[in-house]
Amino acid sequence: QTNNKDPKKTTTSERDSDLYIDDHKIIALINSGSGARKGWILTQELTKLNAVVFNLKDVCVNDAIRERLASSIEQYDGKCIVLICGGDGSQAWAASLVDRSLNEYHAKHNVCVRFPAMCVFPMGTGNDL
């Protein structure tokens with residue numbers, strides 16, 4: 001199902017305050033230490049737009065946060081985009097954490113959640129040059 005509305009003709013009152021791309025919810029995984037530590041600024045800005053935001057370090061070490069990540073992906077099943085924000089190493093790290101979160105969620109709740117679409121927001125230190 002596609003959205004036939006012309007975005008230029010959509011009034012502000014018709015738009016949802018949450019951050020969506022078309023009709024997909026944004027779930028951001030941010031390495032707050034990447035990009036000369038500018039990740040925390042991005043976290044604040046995405047939070048203002050009601051994106052679902054996770055710090056990669058927290059997802060890595062905390063079972064409850066991994067469950068929240070998987071639950072968010074399930075909630076927006078097929079209608080979310082995981083935005084990975086960080087350097088080159090963060091991209092693979094985040095993808096493996098999404099996979100781990102979904103596998104743990106499946107083992108605990110016996111629910112299969114589709115792997116979400118992902119996109120990259122490069123924030124490595126080299127991207128500042």
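**Cores, strands and helices of the chain**

In the largest nonpolar core, which holds 20 residues, the members that touch the most others are I27, L29, F54, L69 and I73. At least two residues of this core are supplied by each of the elements β2 (24-30), β3 (52-55), α3 (56-61), α4 (63-75), β4 (80-86) and α5 (88-109). Helix α5 gives the largest share, 5 residues. A second core, separate from this one, has 11 residues, among them A28, I30, A51 and L83. The model described here is predicted.

The secondary structure consists of 5 helices and 5 strands. Read from the N terminus, the order of the elements is β-β-α-α-β-α-α-β-α-β. The chain has 129 residues, of which 36% are buried. Among contacts in the chain with a separation of 6 or more, 73% are between residues 24 or more positions apart.

Strand β2 has 7 residues, and 6 of them are buried, so the strand is largely enclosed by the rest of the structure. β2 pairs with β4 in the parallel sense, over 6 bridges. In this pairing, K25 stands opposite C80 of β4. β2 also pairs with β3, again in the parallel sense, over 4 bridges. Here the bridge partner of A28 is V53 in β3.

The surroundings of I27 can be listed residue by residue. When neighbours within four places in sequence are left aside, I27 is in contact with V52, F54, L69, S72, I73, C80, I81, V82 and L83. Of these partners, F54, L69 and I73 are named with I27 among the residues that touch the most other members of the largest core.

S72, another contact of I27, belongs to helix α4. The relative accessible area of S72 is 12%, which is under the 20% limit, so S72 counts as buried. Apart from neighbours within four places in sequence, the contacts of S72 are I27, V52 and F54. V52 and F54 are also contacts of I27.

A second buried serine, S101, is found in helix α5. The relative accessible area of S101 is 1%, and this residue is therefore also buried. Leaving out neighbours within four places in sequence, S101 is in contact with V59, R66, L69 and A70. L69 is also in contact with I27.

Helices α4 and α5 pack against each other with their axes 8 Å apart and at an angle of about 85°. An angle from 65 to 115 degrees counts as roughly perpendicular, and α4 is therefore roughly perpendicular to α5. On the α4 side, the contact is made by R66, E67, L69, A70, S71, I73 and E74. On the α5 side, the residues are V98, R100, S101, L102, E104, Y105, K108 and H109. Three of the contacts listed for S101, namely R66, L69 and A70, are thus among the α4 residues of this packing.

Helix α2 covers residues 39-48, and its buried residues are G39, L42 and L46. Viewed down the axis of α2, these buried residues fall within an arc of 55°, so they line one face of the helix. An α-helix has 3.6 residues a turn, so residues three or four places apart point the same way.

Two asparagines take a positive phi. Most residues other than glycine have a negative phi. For N50, which comes just after α2, phi is near 65°. N50 is located in the loop between α2 and β3. With a relative accessible area of 36%, N50 is partly exposed. For N110, phi is near 55°, which is likewise positive in a residue other than glycine. N110 is located in the loop between α5 and β5 (117-122). The relative accessible area of N110 is 66%, which is over 50%, so N110 is exposed.

Key: Residues numbered from 1 in each chain as written. Predicted model: local features only at pLDDT ≥ 70, side-chain atom pairs only at ≥ 80, totals over all residues. Heavy atoms only, no water. Core = buried A, V, L, I, M, F, W, Y, C linked by side-chain atoms within 4.5 Å. Buried < 20%, exposed > 50% of the residue type's maximum accessible area, 1.4 Å probe, protein only. Contact = heavy atoms within 4.5 Å. Arc of directions from axis to C-beta. Pairing = 2+ DSSP bridges. Axes fitted to C-alpha atoms, helices over the stretch in contact; angles between N-to-C directions. Parallel < 35°, antiparallel > 145°, perpendicular 65-115°, else oblique.
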